[in-house]
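Open the model in your viewer and keep the selection tool at hand. The tour goes from one selection to the next.

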Amino acid sequence: TLEKNWLSGNTPIVHEFESKFADFIGVKYALACSSGTTALHLANIVLDVTNDSEVIMPSMSYIASANSVKYQHAEPVFVDIELDTLNLDLDQCEEILAKDPDIKVITFAHVLGNPPNMDRLMEIVNKYNLILLEDCCDALGTTYDGKMLGSFGKMSSCSFYPAHHITMGEGGFVACG
């Protein structure tokens with residue numbers, strides 16, 4: 001890439017990586033973005049998270065999760081975390097959803113590659129007809145019961161910022177399918 005002066009943008013090597021990234025996660029599509037935060041923001045736009053939207057997310061998370069919702073003038077609905085996984089407390093999610101049927105989206109980061117109980121989470125998603133947006137910035141390559149994280153939800157994001165386990169210097173992906 002450096003020898004060809006293709007550092008970013010709409011290039012054949014980026015398109016090839018998008019295709020291979022989608023195949024790796026097990027989704028139909030992946031789109032390169034400037035960062036994981038941009039990927040989250042783009043996903044919220046595509047998922048039509050707008051002024052009237054409420055989005056469940058954990059109270060302990062990287063600020064990009066809440067910012068990507070606020071960028072759309074939507075409201076985060078914070079839940080506590082489970083101490084053993086550092087992920088959103090699924091009991092509290094159900095309590096909130098039972099009281100507020102207007103919530104349509106749930107998003108969270110798989111903290112340090114530790115997913116919550118995805119079987120139970122998907123039961124909640126299906127029961128309340130929610131859209132799941134997974135943040136896989138810390139979980140690239142991690143599976144749950146043989147299925148790649150990032151392939152459970154309607155869309156997912158990933159980051160290649162230097163603080164993550166695979167880096168390109170910058171950049172992120174939004175994946176769907």
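Start by selecting Arg120, which counts as partly exposed at 25% relative accessibility. Keep in mind that this is a predicted model.

Add Glu94 to the selection: Glu94 and Arg120 form a salt bridge, with 3.2 Å between the closest N and O atoms. This contact links distant parts of the chain, since Glu94 belongs to helix H4 and Arg120 to helix H5, 26 residues apart.

Next, add Asp91. Its side chain meets that of Arg120 in a salt bridge, at 2.7 Å from N to O. Here too the pair links distant parts of the chain: Asp91 is in helix H4 (residues 90-99) and Arg120 in helix H5 (residues 118-127), with their positions 29 residues apart in numbering. Asp91 is partly exposed, at 45% relative accessibility.

Which residues make up the network of salt bridges here? Select Lys127 as well, and the set is complete: Asp91, Glu94, Arg120 and Lys127 are linked in that network. The structure has five salt bridges in total.

For another salt bridge, move to helix H1 (residues 12-25) and select Glu16 and Lys20, which lie four residues apart, about one turn of the helix. Their closest N and O atoms are 2.9 Å apart, in a salt bridge. Glu16 is partly exposed at 43% relative accessibility, while Lys20 is exposed at 51%.

Now select strands S2 (residues 54-58) and S3 (residues 75-79). They run parallel and are joined by five bridges. Where is the residue opposite Pro58? Look in S3, where Val79 stands opposite Pro58. Then show helix H3 (residues 63-70) together with the two strands: S2, H3 and S3 make a right-handed β-α-β unit.

Finish with the cysteines. How many disulfides does the structure hold? The count is zero. Select Cys137 and Cys158 to see one case: the closest cysteine sulfur to that of Cys137 is in Cys158, 5.8 Å away, and therefore too far for a bond. A disulfide would require the two sulfur atoms to be within 2.5 Å. Cys137 is buried, with a relative accessible area of 10%. Cys33, the last selection, is buried as well, with a relative accessible area of 15%.

Key:
Residues are numbered from 1 along each chain as its sequence is written. This is a predicted model: local features need pLDDT of at least 70, side-chain atom pairs count only at pLDDT 80 or more; totals for chains, interfaces and linings use all residues. Side-chain values use heavy atoms; hydrogens and water are left out. Two strands pair if DSSP finds at least two bridges between them. A crossover is right-handed if, with the strands pointing away from the viewer, the path from the first strand over the helix to the second runs clockwise. Buried means under 20% relative accessible area, exposed over 50%, partly exposed in between (1.4 Å probe, protein chains only). A salt bridge is a side-chain nitrogen of Lys or Arg within 4 Å of a carboxyl oxygen of Asp or Glu.
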